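Reader: Could you take me through the side-chain pairings of this model, with a close look at one helix and the way its buried residues are placed? I would like the reasoning spelled out wherever a classification depends on a cut-off.

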Amino acid sequence: MSSALQPRECKVSKKPQKNYGFYLRVEKDTAGHIIRNVKHSSPAEGAGLKDGDRVLRVNGVFVDKEEHAQVVEIIKNSGNSVVLLVLDDASYEKAQKEGVNLEELGQKASTGQQQEQQCPPSVANRGTAAVPQPRLCYLVKEETGYGFSLKSTEGQKGLFIVELSSQGAAAKAGVQNNDRLIEINGKNVENDTHEEVVEKVKKSENHVMFLLSNEETDRYFKSQRMALSKESASLRLLPLKPRLIEIQKGKSGYGFYLRMAQNTGDHVIKDVNSGSPAAVAGLKDNDILVAVNGERVDGLDHESVVGKIKQSEAKTSLLVVDKETDSMYKLAQISPFSYYYKAQDPTPAKMEERLEFHTEQKVNHKPRICRMVKGPNGFGFSLNMIKNKPGLFINEVQSQGPADTAGVENNDFLVEVNGVNVTNKSYDKVVAMIQSSGDRLTLLVCSRDAYRYFQGQNIPITASMADSDTSEPPAYTENHPSEPERNSSEPRERADSSSSSLSAASTRADGDNSDDTKL
C-alpha cells in the first residue's frame, strides 16, 4: 500500500539574516510536524513546500517521532540551507490509518526511488542527499584500549582515525575509519600535533569525547562556508540521555528535596520519598536538574529555581540527568538541554506553537549599554552571584524602575560598570563601584545565552559590540512605594546556598550548612 505514498525532498536555501518563509507547528489532535503559512515567493515555496506537509526527515535524520523543539533545533543548526523530506497532508493521514512505517518509507525515498513530483526538477532529479553532520562519539576505554590508531595526511588538516578494531570501544561508539578528529572533550585539536593529541587522549583516562567529521561532511560544510562544531553535530550516538519527568503534585507536595551544591552550583534532587509523586514519575536521588518547565536552570540561584517549580500549581516538568550522564555532557562541553528540550503541555495554546525559521531567532549576541538615573528607591535591581562560579548577574529588576527603563533585564550578565570591565572582579568591589557612582550609572550587560556564546567562542565582550547610543538617560520621576528591605535598591549578595519554603516546616539545614527545600 505504501507504494502510492511519495515523499518529496525539498532543499530550502535562504540568504544570511533572512528567513525560510514557513512555520513549523504541532497541533492538538493532529499528528506530525506540520508545515504552515508558506509565504509567497519565499525560499520555502520555491523549494516546493506546501501547507499541511508533514516533515519526515531533516537533513536525512528521521524526525517524525521526535519532540517538536528537537526538530526545530535541527533546522536552526542547519545554517542557511536545510533538506526536508516531506509527505503531503492526505498521504500522511493515509499512512497513519494504514499503519505504514514512515521511517522505512523515508529510507526508500532517500535512495532516489521516489518519483519526481511537486518539487523543482533541479531538486527531484538529483535524488536525496541527506545533509551530513559531524558526530559526537563517547568512547569508554576497554582492557585492550580504545581500538584505533591516528595518522596525519599530508596537505590535510587534523588527524585521521585508522586501524579501527571492529569490536573495539571506538567502533562501538560510532567511530569510523578515516574519520577526521575535530575536538577532544570539547577542545579543538585540528591544529595540534600527533603527540599533543595522543597526550590529550591519555589524560582523559577511561572516557573521551570525540567530535568527528568525514570526507563528505567536510566537503559539505566547506561548500556552505559553515564551521564544523559541536553545535552543528549529531548527538544520536551518545549513549546517555537526559530524562523528562512529568510530576503531578500530591497533597503533601511532590515528595522530594531540592539542594544547591555549593561546589558546583548544580541543583540536586535529594530524599525522594518512596511512593511519592516524584518517585512514581521516575525521579531519583542525586539526579541533577537541567530545566524546569522548559527553562534552563544552570546559573540560577536556589530561590529562582524553587520559584520556577512553584509557578506550576498542579504539576511540573523536570529535565534531569544522573551523575554519569551529567559527566558525559560536561566532557563534551554541551548542555543536556541541547539534546532534549521539554515537550510542551498538551493544551491548544501551547501545542499550536508556531516557529518561523530565521537566523535572528537563535540569539541576539549584541551586548547592551544601559544608562540610568537613580530614582527614589535606587536603581531598581539586585546583583547576584553563585559561589564558585564566575560572573555576576542581575535579578529582581523593578518594573518601570530606572534599570527597567534603561533596558536591563532579569538574568542579564554584568560586563562593565561605568566603562570598567568587572567580569573578573569580586562581588564586593562591583557593589562598591555601583554605590560610588552617584546618581548616574552606565552598565554594559548581555543576555545569559549571549554570554555563553561569547565564552564558547573565546570572544571578549566589549561596549563596541553594542548598538551605539549617545542619548542621555531619562530622569526618573515616578514615585513608587518603598520596597521591603530585602528588595533594597542597592545590589545585594545572595546566600551561598539559599532555600525557599513551599509549606510549613519545609526547610531544613544539615551539618554541611547547605539548605534544602522540600517540594
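Author: What follows begins with helix α15 and then turns to the ring pairs and the salt bridges. The model is a predicted one, and every value below should be read with that in mind.

Helix α15 covers residues 427-435, and its buried residues are Y427, V430, V431 and I434. When the helix is viewed down its axis, these buried residues fall within an arc of 100 degrees, so they line one face of α15. An α-helix has 3.6 residues a turn, so residues three or four places apart point the same way. On the face of α15 that is turned away from the buried side sit the exposed residues D428 and K429. The buried residues of the helix pack against three strands, namely β21 (382-384), β23 and β25 (440-446).

Strand β23 leads on to the aromatic pairs, of which a search of the whole structure finds six. One of these pairs is formed by Y220 and F221, which meet edge-to-face, with 5.8 Å from centre to centre and 80 degrees between the planes. Both partners are set away from the surface: Y220 is buried because its relative accessible area is 12%, and F221 is buried because its relative accessible area is 3%. The rings of F413 and Y451 are arranged in another way, with centres 3.7 Å apart and planes at 15 degrees, so this pair is stacked. Since F413 lies in strand β23 (residues 413-417) and Y451 in helix α16 (residues 448-456), the pair ties together parts that are 38 residues apart in sequence. F413 is buried, with a relative accessible area of 6%, and Y451 is likewise buried, at 17%, a value that falls in this class because the cut-off for buried is under 20%. Elsewhere, ring pairs link Y146, F148 and F210 into a cluster, while K14 lies over the face of Y20, at 5.4 Å from the ring centre.

Turning to charged side chains, the structure holds 20 salt bridges. Among them is the one between E215 and R219, whose side chains meet at 3.8 Å from N to O; the two residues both lie in helix α8 (residues 215-223), four residues apart, which is about one turn of the helix. E215 counts as exposed, because its relative accessibility is 62%. A further salt bridge joins D266 and K330, with the closest N and O atoms 3.2 Å apart. This pair links distant parts of the chain, for D266 is in the loop between β14 (257-260) and β15 (267-270), whereas K330 is in helix α11 (residues 323-332), 64 residues apart. The two ends are classed separately: D266 counts as buried because its relative accessibility is 15%, and K330 counts as partly exposed because its value is 45%.

Salt bridges that share partners also join R25, E27, R36 and D51 into one network. Within this group, the side chains of R36 and E27 meet in a salt bridge of 3.1 Å from N to O, and E27 is buried, with a relative accessible area of 13%.

How values were computed. Residues are numbered from 1 along each chain as its sequence is written. This is a predicted model: local features need pLDDT of at least 70, side-chain atom pairs count only at pLDDT 80 or more; totals for chains, interfaces and linings use all residues. Side-chain values use heavy atoms; hydrogens and water are left out. Rings of Phe, Tyr and Trp (its six-membered ring) pair if their centres lie within 6.5 Å; planes under 30 degrees apart count as stacked, over 60 as edge-to-face and the rest as tilted. Buried means under 20% relative accessible area, exposed over 50%, partly exposed in between (1.4 Å probe, protein chains only). A charge sits over a ring if NZ of Lys or CZ of Arg is within 6 Å of the ring centre and within 35 degrees of the ring normal. A salt bridge is a side-chain nitrogen of Lys or Arg within 4 Å of a carboxyl oxygen of Asp or Glu. The arc is that of the directions from the helix axis to the C-beta atoms. Contact means heavy atoms within 4.5 Å.
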